[in-house]
Amino acid sequence: MKEIRSESKLTFFEATSIIVGHGVGSGILSVPFLASRNRWYDILWIILLVYGINLVMHFMIAELSYNNGGAQFIKCFEKELFVGRMKKAATWFAFGLLGFSVVVNVSGFIAGASAVFGAWFGLPSVAGMLLFYVLAASVVYIGMKLVGICEKIAVFSMVGVIGILFIATLISDVSPLPDSFVSASNLLALYSMVSFSLSAVMSVPQVVKGLNGDRNRIMGSIAAGTGINVGLILLITFMTLLGAGSGVTENGALVDLSLHLGGWVSIIGYIFSLLALATSFWANTLNLRDIVNEQTGWGVKKSWLAASLPCLVIALIGVESFVGFTRLAGVVQVLTGVGIIIAYNRSRKREESSLICGRLGTIPFQIIVVVSSLLSTIGSLLAVS
């Protein structure tokens, strides 16, 4: 077994919760908006297909990171993918593109939290953004172990909250599920958002490090974390479609559902939204902190500030809506798909073995991941009618 360096160790469920947290607050709260623009059963076959493909991709990332001592994949790119005179420039370009995606994505969490605070307490947008940033960023400032603990608590809490919301939705007036085909672009946009929701590419190295390279626990936590997100996507999507109907907006699914249900139940919806947004904020900024630190050597605290403060600035500028933020961030999936597969392929050949993926890491599966990543990126760029 290779030596894996980590700032702290994680339990299995803490590692699983970091995988859950990476996607639960971004794509999952955006999927219902795109699902409402497609047939209700499209979400079923899309999510099964994407789960299988993303699981294979995440196993490849885990093996790539393991082969490079638990490094984030930008550092893996630098070691495995980029060569020659352009190596440094290519590494910094990939770093900039990934950083842009994460910053834009996390800005969406801050904007989404502001919408929750506005609907719940009537807080001004700026005040809501500042409040959420201070509360969420302080957890990441303390470090990976606290992030893992908070993610675990949040996941348990979200499961309980979802149960309450599910019952409340069923006993209220429900809307008919959408069953009309609109356009291929809407379908591809839904595929893209589901793929983005089940992606935890930057959290996988945290799992590899936190579980000390233990193959079975790494694969188990990835499969379990992604599987929990599949269940959450389906529950939240169908609850929102039944509760809010065609009135789903780009503010985030649970905000719309909470407004529809009203009363004390709406507070439960707001709590879930904040928990989901916080978990994704923690996971994404923790990952970006490590990437910044690996590439710059600034140290953990300065890297934390560089990873989180620009997110607040972009959110305050108000570039896009919550769903708009997450769709824009999904554009970078072509980097995480094509780039990672090439780097993984070279790493696998260099090692002359495959500890984690086995046959799932062979060329046919690599091609499937690349094609899926290209489709996801195209879907992120298409207009939705």
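Visitor: Why does W304 count as buried in this predicted model?

Guide: Its relative accessibility is 14%. Buried means under 20%, so W304 counts as buried.

Visitor: What makes Y141 and W304 an edge-to-face pair?

Guide: The ring centres of Y141 and W304 lie 4.9 Å apart, and the planes meet at 70°. Rings pair if their centres lie within 6.5 Å, and planes over 60 degrees apart count as edge-to-face. Both conditions hold for Y141 and W304, so the pair is edge-to-face.

Visitor: Which parts does this pair tie together?

Guide: Y141 lies in helix 6 and W304 in helix 13, so the pair links parts 163 residues apart in sequence.

Visitor: Is Y141 buried, exposed or partly exposed, and how do you know?

Guide: Y141 has 39% relative accessibility. That value falls between the cut-offs of 20% and 50%, so Y141 counts as partly exposed.

Visitor: How do you know that the charged end of K301 sits over the ring of Y141?

Guide: The charged end of K301 is 4.1 Å from the ring centre of Y141. The limit is within 6 Å, along with an angle within 35 degrees of the ring normal. K301 is listed as sitting over the ring.

Visitor: Why is the pair of W40 and Y41 called edge-to-face?

Guide: The planes of W40 and Y41 stand at 85°, with centres 5.6 Å apart. Over 60 degrees counts as edge-to-face, so the name fits W40 and Y41.

Visitor: What makes W40 partly exposed?

Guide: Its relative accessible area is 32%. Partly exposed lies between 20% and 50%, so W40 qualifies. Y41, at 35%, is partly exposed too.

Key. Residues numbered from 1 in each chain as written. Predicted model: local features only at pLDDT ≥ 70, side-chain atom pairs only at ≥ 80, totals over all residues. Heavy atoms only, no water. Phe/Tyr/Trp six-rings, centres within 6.5 Å; stacked < 30°, edge-to-face > 60°. Buried < 20%, exposed > 50% of the residue type's maximum accessible area, 1.4 Å probe, protein only. Helix = DSSP H or I, 4+ residues; strand = E, 2+ residues; numbered from the N terminus.
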